[in-house]
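Reader: I am new to this structure. Please show me how to read its features one at a time.

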Amino acid sequence: MTTIETRPGTRAWLGLSVLCLATLLLAVDNTVLMLALPHLAADLDPTATELLWITDVYGFMIAGFMITMGSLGDRIGRRRLLVIGAAAFGVASVVAAYSTSTTMLIAARVLLGVSGAALGPSALALVAGLFPDAKRRAMAIGVFTACFMGGAAAGPVIGGLLLESFWWGSVFLLGVPVMVLVVAGGLVLLPETAKSTGPGRLDLVSAGMSLGAVLPLVYGLKELADDPAQVAAYVALGVGLLFCVAFVRRQSRLAEPLVDLRLFGDRSFTAALLILAGALVVQGGVYLFMSQHLQLVEGLSPLVAGLWMAAPALGLVAGSLASPMLAGVFRPGLVVGAGLVASAAGFAVVLVGDGLGALVAGVTVAFLGMAPVGALGLGLIVGAAPPERAGSASALAESGGELGVALGIAVLGSVGTAVYGGSVTSPQAGGSLGEALDAAAGLPPAEASALVAQAQAAFAQGLLVVTAVGTVLVLGLAVLSFTLLRHLRPIGEQSHG
């Protein structure tokens, strides 16, 4: 087995570039499909339900299999699982690109999601293994996080450029050469960080229970965001919570659990996980409303809206790169807390400002302030876990993020929808701005103009309320960071102390 030096050299940084390439593609693949949907629908003619599955099943599979794959990497080897996942992702990308039916495309998206779940925790755990020194590990995780955020920003732009010249399948073929590089680079540059004395056999019952917990929760939250009165959403949430309780009880009794509950006994681990999930609740909700506002209120095309949306994502990139340097001088809890206070100030610009510039500038500052949560929080979560449980800890961090985004879209989406419903007076305005615009298309010009103006004003009011709720939440998270993480020393002192 290749040994890992205390001071990482060129090989470690090259290995990091391979891992960043993998996470960059995962982020791009999560957003690049949006612009291709109209072209895809015209070619394959999916039903409304099939189109939803094409869009959503990728994220469902990633969320559902994350915990299992993180634990599996601890057992069979994280490099091995990363290489297997990358190869499977490349194959699934080809199948998706050349799908001749909706069933074939949905199956390919399922495989893409499962492969992505294998890649995510393995990559983060390998980053931690490559950089055992706390200061360099923080910098590496900052770069790793910045690449993910950059990929999310680049997805719509790349998709728009590809669709200018090629057919819809080209957005999937993008993954093939990237994953070839990840497989080759992984085999040559990455050491195996999982120990042969690590956890034993994978408990398949626990794996099934984790799926039974996460999938209904994500599904229920998504359906709740579309329709807060939908009974099926609450049933799904109830089923997911029941499986969560059963899963936790089983883990507490097993000698070799899928998730080691003792990790939650570490205050840094639990606090960082909670703050990370909370920040992503805010990000998910605000990002949803901002993207809709740009297209439905400002009237921008998807590609132009994607370019405007890149500004907050680039704020996350810049903050992710700067956070480790700040945490080398100041206490991590102070850096995270101060960033969250700055985030609240950015949201305040949205609340008191006016126009597109104030919205984009305010959200960019807000996301810049939230960047330390991811860049430093992931390091705290993985660093608090024993080396043999790094994959499992990485999976918990990424699963918490997935659930946080889903919760933000559902809860803040419901808040915004409720405000919209309470602000419109015309029965033709429906339950959303999209419905109002559809209704306006069949009305005489004067009536249509009045309906659209009222609906857009109501949606803008909903955006402001969602932003206000986000402000309160990030200030609460700042208090948690100042109190629960105050015991942590600056990362430079951790490296030498």
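**Reading the model**

Author: Start with one residue: at 7% relative accessibility, aspartate 260 counts as buried. Keep in mind throughout that this is a predicted model.

Reader: Why does aspartate 260 count as buried?

Author: Buried means under 20% relative accessible area, and aspartate 260 has 7%, so the label applies.

Reader: Which residue meets the side chain of aspartate 260 in a salt bridge?

Author: The general idea is that side chains of opposite charge can pair when their charged atoms come close. Here the partner of aspartate 260 is arginine 262, with 2.9 Å from N to O. Arginine 262 counts as exposed because its relative accessibility is 68%, and exposed means over 50%.

Reader: How many salt bridges are there?

Author: The count comes to 2 salt bridges. Besides the pair of aspartate 260 and arginine 262, arginine 78 and aspartate 74 meet through their side chains at 2.7 Å, N to O. Both arginine 78 and aspartate 74 are buried.

Reader: Arginine 78 is also listed in a helix. Which residues of α4 are buried?

Author: Arg78 is one of them. The others are Leu81, Leu82, Val83, Gly85, Ala86, Phe89, Gly90, Ala92, Ser93, Ala96 and Ala97.

Reader: What span should helix α4 have, and what span does it have?

Author: The idea is to allow 1.5 Å a residue and compare the result with the distance between the end C-alpha atoms. Helix α4 covers residues 78-97, which is 20 residues, so it should span 28 Å. Its end C-alpha atoms are 28 Å apart, and the two values agree.

Reader: How many residues does α13 have, and how far does it reach?

Author: α13 has 21 residues and reaches 30 Å from its first C-alpha to its last. That is close to the 30 Å expected at 1.5 Å a residue. Buried residues in α13 include Pro332, Gly333, Val336, Gly339, Leu340 and Phe347.

Reader: Which residues form the nonpolar patch on the surface?

Author: The patch consists of Leu326, Val329, Phe330, Leu334, Val341, Leu475 and Phe482. Together they have about 600 Å² of accessible area. At least two residues of the patch come from α13 (332-352), and at least two from α17 (445-484). Leucine 475 lies in helix α17; with 39% relative accessibility, leucine 475 counts as partly exposed.

Reader: How many cavities of 30 Å³ or more are there?

Author: A cavity is a space where a probe fits but cannot get out. The count here is 1 cavity of 30 Å³ or more. The largest cavity has a volume of about 40 Å³, and its lining is made of Ala272, Ile275, Leu276, Val336, Val373, Gly377, Leu380 and Leu485. α11 (267-297) and α14 (355-384) each give at least two residues to that lining. Val336 in the lining is also among the buried residues of α13.

Reader: How much space lies in the second largest pocket?

Author: The second largest pocket holds about 690 Å³ of space. It is lined by 26 residues, and those closest to its centre are Leu217, Cys244, Leu396, Gly400 and Leu403. Two or more lining residues come from each of α9 (204-226), α10 (231-253), α11 and α15 (390-423).

Reader: What is the phi of aspartate 45?

Author: Most residues other than glycine have a negative phi. Aspartate 45 is not a glycine, yet its phi is positive, about 50°. Aspartate 45 sits in the loop between α2 (33-44) and α3 (48-76), and it counts as exposed at 61% relative accessibility.

Reader: How far apart are leucine 303 and glycine 159 along the chain and in space?

Author: Separation along the chain and separation in space are read as two values. Leucine 303 and glycine 159 are 144 residues apart along the chain, and their C-alpha atoms are separated by 8.5 Å. Leucine 303 is in helix α12 (residues 302-327) and is partly exposed, at 28% relative accessible area.

Reader: Where is glycine 73 found, and how far is it from valine 465?

Author: Glycine 73 belongs to helix α3 and is buried, with a relative accessible area of 1%. Glycine 73 and valine 465 are 392 residues apart in sequence and 42 Å apart in space, C-alpha to C-alpha.

Definitions and conventions. Residues are numbered from 1 along each chain as its sequence is written. This is a predicted model: local features need pLDDT of at least 70, side-chain atom pairs count only at pLDDT 80 or more; totals for chains, interfaces and linings use all residues. Side-chain values use heavy atoms; hydrogens and water are left out. Helices (H or I, at least four residues) and strands (E, at least two) are DSSP runs, numbered from the N terminus. The expected span of a helix is 1.5 Å times one less than its number of residues. Buried means under 20% relative accessible area, exposed over 50%, partly exposed in between (1.4 Å probe, protein chains only). Patches are made of residues with over 30% relative accessible area and no salt bridge: like charges are joined within 9 Å, nonpolar side chains (Val, Leu, Ile, Met, Phe, Trp, Tyr) within 5 Å. Accessible areas come from the Shrake-Rupley method with a 1.4 Å probe; for residues, only the protein chains shown count as cover. A salt bridge is a side-chain nitrogen of Lys or Arg within 4 Å of a carboxyl oxygen of Asp or Glu. On a 1 Å grid over the protein atoms alone, a cavity is a set of points where a 1.4 Å probe fits but cannot get out, and a pocket is an open set with protein on both sides within 12 Å along at least five of seven lines; lining residues have an atom within 4 Å of a point. Grid points are joined across faces, edges and corners, and a volume is the space filled by probe spheres set on the points.
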